[in-house]
Amino acid sequence: MKIDGIIISAICYSTEDPEKVARAIETLIPFEFEIKASNATGHYGNPIKFLEVELRKKREIKTFWNHLMEKLNEEREILLEFIEELVDEDGVLYIRIDKQSAYLGKVELAGTSDSIMVRIKLVTYPFRREKILEFARKIVAEGYD
């Protein structure tokens, strides 16, 4: 069982400062990293930017995950309670982090869609939903080593 990769992403709307959204993402990651930015057009023709960080190295994944779980602290119980809804059929665990709180240096689960999305690709052998959920519960409760 392992975490194969993590993607941290946020949409920066035309009314937002990309530097501030990048700073919110920085709150989540305790090491040097690169944010990839791409431009897009919103539903109503408004310009938007996608900001994304991809983690593939084992050490980065472990460091990021354990840092995130430490910062979420009591909210880990909420993740455990809703874990079945947060994991899709492909073994991806989705966690939404409040963008505004992250900008202010605090890591909290988001109550809205205007958030930083953390997508965690979980892998188990054999690949079965029950095994993925068991692994997800374990890493939320105990961390990842």
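I looked up Phe 135 before anything else and found it buried, because its relative accessibility is 4% and the limit for buried is under 20%. The model I am reading is a predicted one.

**Aromatic pair**

I searched the whole structure for aromatic pairs and got one. The partners are Phe 135 and Tyr 144, with 6.1 Å from centre to centre and 65 degrees between the planes. I noted the pair as edge-to-face, since that class takes planes over 60 degrees apart. I then checked Tyr 144, which has a relative accessible area of 13% and is therefore buried too.

**Nonpolar core**

Next I went to the largest nonpolar core, which holds 41 residues. Which of them touch the most other members? I noted Ile 8, Trp 65 and Ile 97. I also listed the elements that give two or more residues to this core. The strands are S1 (2–13), S3 (47–55), S4 (92–98) and S5 (115–123). The helices are H1 (18–28), H2 (58–72) and H6 (129–142).

I followed Trp 65 further, leaving aside its neighbours within four places in sequence. Trp 65 is in contact with Ile 3, Leu 93, Ile 95, Ile 120, Ile 139, Val 140, Gly 143 and Tyr 144. Tyr 144 is thus on my page twice, as a contact of Trp 65 and as the ring partner of Phe 135.

**Loop between S1 and H1**

Last I looked up Asp 17, which sits in the loop between S1 and H1. Is Asp 17 buried or partly exposed? I put it down as partly exposed, because its relative accessible area is 37%. A polar atom of the Asp 17 side chain lies 2.9 Å from the backbone nitrogen of Glu 19.

Note on methods:
Residues numbered from 1 in each chain as written. Predicted model: local features only at pLDDT ≥ 70, side-chain atom pairs only at ≥ 80, totals over all residues. Heavy atoms only, no water. Phe/Tyr/Trp six-rings, centres within 6.5 Å; stacked < 30°, edge-to-face > 60°. Buried < 20%, exposed > 50% of the residue type's maximum accessible area, 1.4 Å probe, protein only. Core = buried A, V, L, I, M, F, W, Y, C linked by side-chain atoms within 4.5 Å. Helix = DSSP H or I, 4+ residues; strand = E, 2+ residues; numbered from the N terminus. Contact = heavy atoms within 4.5 Å. Polar contact = N/O pair within 3.5 Å; in protein donor to acceptor, adjacent residues only side chain to side chain.
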